[in-house]
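Trainee: I'm new to this one, and I keep reading labels without knowing what earns them. Can we go through it together, with me asking why each word applies?

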Amino acid sequence: MRRYRVIVTEPIHPDGIDLLRRECEVVELPPGADEGDLLSQGLEADALITRGWIRVTREFLEAAHRLKVVAVHGVGTDHVDLEAAAEHEVLVFNTPTALTESVAEMTVALILSLLRRVVAADGAVRRGEWERKYSDLVGVELMGKTVGILGLGRIGSAVARRLKGFDVNLLYYDKVERREVEEELGIRRVGLEELLSTSDIITLHVPLTPETHHMISSREFDLMKEGAYLVNLARGRVIDEEALTEALRSGKLAGAALDVFEEEPPRRDNPLLSLENVILTPHIGASTREAMRRMAIQSAEGVLTALRGGIPPNVVKP
Ligand code: 8YV
């Protein structure tokens with residue numbers, strides 16, 4: 001009997017691969033593979049594990065006649081055509097609880113690195129510019145500042161929980177009232193305009209949807225406090241990067257930390273890459289050994305459940 005074929009579009013933790021290999025043929029696409037590689041190697045797949053780099057398009061879903069299930073190794077499903085998957089009775093599920101803590105910890109790491117100019121300080125020491133400690137490397141305390149969290153879901157709430165220990169004033173904007181988190185952390189729900197105009201630091205934790213696409217653009221930057229900081233580990237296209245670049249150049253923003261970009265990887269001529277007051281990381285919010293192992297095992301377990309005729313946890317519908 002033919003073994004099920006599972007296509008893995010980006011590198012995942014070996015423990016997930018080993019789990020699959022007990023029952024399936026596993027084809028791992030090399031780093032940097034594209035949609036063409038998926039079309040050429042994936043059409044006979046019974047299952048697909050995706051991390052977000054390669055879009056799972058209607059074209060692929062219509063051609064992959066054996067496909068039964070798509071595992072999103074992570075939480076964001078904006079790169080999967082959910083309508084096409086539903087039309088072709090392909091199950092889609094994600095692993096939303098596997099990466100919360102890692103992304104929240106990276107958010108706090110980037111906030112502190114931004115306020116204390118850690119990346120610039122490292123470069124200064126390496127270049128023998130010790131005296132900069134008396135000038136542009138004097139940072140800003142997090143204590144006492146107002147932090148605005150845009151999106152108070154699993155990750156936003158985990159960020160708030162960690163920031164509580166820094167004696168900050170926490171605000172959030174979310175379409176959904178998060179009463180339990182408000183009571184637990186003393187975080188206050190406000191309108192978007194109030195959050196933007198009163199926060200010293202703004203961190204984004206919303207999914208990419210038609211409503212959140214470019215939700216931070218010129219108008220929103222104009223509302224922000226002079227010298228505010230912006231952190232984004234959600235999706236690059238939540239921010240209008242042209243408007244962001246202008247806000248950074250004008251000094252409206254004192255700085256930004258970006259783990260995600262409108263186009264990934266960002267083009268070499270992206271003006272953000274030449275600005276001193278930006279920290280740039282390559283979409284590694286969830287990239288810890290622990291989260292990667294959890295996402296890989298949960299993805300593999302969900303795929304095996306689906307291939308055996310069951311329903312995996314965390315099915316995502318259009
Ligand atoms: C993935 C992500 O978690 O989960 C998401 O939505 O943005 C990614 O960080 C990561 O690539 C692991 O698959």
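Mentor: Sure, and keep in mind that this is a predicted model. Let's start with an open sheet of seven strands, in the order β8-β7-β6-β9-β10-β11-β12, where the pairing is parallel.

Trainee: What makes β8 and β12 the edge strands?

Mentor: Look at their neighbours: β8 (188-189) and β12 (278-280) each pair on one side only.

Trainee: How do you know that β7 and β8 count as a pair?

Mentor: Two strands pair if there are at least two bridges between them. Two bridges join β7 to β8, so the cut-off is met, and the two strands run parallel. As a landmark, tyrosine 172 has arginine 189 in β8 as its bridge partner.

Trainee: Which helices pack on this sheet?

Mentor: Among them is α5, which touches β9, β10 (228-232), β11 (253-258) and β12, with its direction at about 150 degrees to that of β10. Then there's α7, touching β6, β7 and β9, and its direction makes about 165 degrees with that of β6.

Trainee: Why is α7 called largely enclosed?

Mentor: Count the buried residues: seven of the ten in α7 (residues 154-163) are buried, so the helix is largely enclosed by the rest of the structure. Those residues are Ile155, Gly156, Ser157, Ala158, Val159, Ala160 and Leu163. Their cover includes α5 (100-115), β6 (146-150), β7 (169-173), α8 (179-185) and β9 (201-204).

Trainee: And what makes β6 largely enclosed?

Mentor: Five of the five residues of β6 are buried, so the same word applies to that strand. Thr146, Gly148 and Leu150 point one way, Val147 and Ile149 point the other way, and all are buried.

Trainee: How do you know that β6 pairs with β7?

Mentor: The requirement is at least two bridges, and five bridges join β6 to β7, so they qualify as a pair, running parallel. One spot to look at is threonine 146, whose bridge partner in β7 is asparagine 169.

Trainee: Right after α7 I noticed aspartate 167. Why is that residue called exposed?

Mentor: The label needs over 50% relative accessible area. Aspartate 167 has 55%, so it's exposed. It sits in the loop between α7 and β7.

Trainee: What makes the backbone of aspartate 167 worth a second look?

Mentor: Its phi is near 55 degrees, a positive value in a residue other than glycine. Most residues other than glycine have a negative phi.

Trainee: Where else does a positive phi turn up in a residue other than glycine?

Mentor: Asparagine 314 has one, with phi near 60 degrees. You'll find asparagine 314 in the segment after α12 (289-307).

Trainee: Why is asparagine 314 called partly exposed?

Mentor: Partly exposed lies between the 20% and 50% cut-offs. Asparagine 314 has 33% relative accessibility, so that's the label it gets.

Trainee: What kind of peptide bond joins glutamate 264 and proline 265?

Mentor: A cis one, with omega at about -10 degrees. Most peptide bonds are trans. Proline 265 is in the loop between β11 and β12.

Trainee: Let's move to the other sheet. What is its strand order?

Mentor: Five strands form an open sheet in the order β2-β1-β3-β4-β5, with parallel pairing. β2 (24-28) and β5 (91-94) are at the edges with a single partner strand each, so one side of each has no neighbour in the sheet. From one strand to the next, the twist averages 20 degrees.

Trainee: How do you know that β4 pairs with β5?

Mentor: Again the bridges: β4 (residues 69-72) and β5 pair in the parallel sense over four of them. Valine 72 is opposite asparagine 94 in β5. Helix α1 (residues 14-21) packs on this sheet, touching β1 (4-8), β2 and β3 (47-50).

Trainee: Last one, the ligand. What makes the spot at arginine 51 a polar contact?

Mentor: The limit is 3.5 Å between N or O atoms. A polar side-chain atom of arginine 51 is 3.1 Å from an oxygen atom of the ligand, so that pair passes. A polar backbone atom of histidine 73 lies 2.4 Å from a ligand oxygen atom, and for a backbone N or O atom of glycine 76 the distance to one is 2.8 Å. Taken alone the ligand exposes 320 Å², and the protein buries 93% of that.

Key
Residues are numbered from 1 along each chain as its sequence is written. This is a predicted model: local features need pLDDT of at least 70, side-chain atom pairs count only at pLDDT 80 or more; totals for chains, interfaces and linings use all residues. Side-chain values use heavy atoms; hydrogens and water are left out. Buried means under 20% relative accessible area, exposed over 50%, partly exposed in between (1.4 Å probe, protein chains only). Helices (H or I, at least four residues) and strands (E, at least two) are DSSP runs, numbered from the N terminus. Contact means heavy atoms within 4.5 Å. Axes are lines fitted to C-alpha atoms, for helices over the stretch in contact, and angles run from 0 to 180 degrees between N-to-C directions. A polar contact is a pair of N or O atoms within 3.5 Å; within protein, one must be able to donate a hydrogen and the other to accept it, and residues adjacent in sequence count only if both atoms are side-chain atoms. Accessible areas come from the Shrake-Rupley method with a 1.4 Å probe; for residues, only the protein chains shown count as cover.
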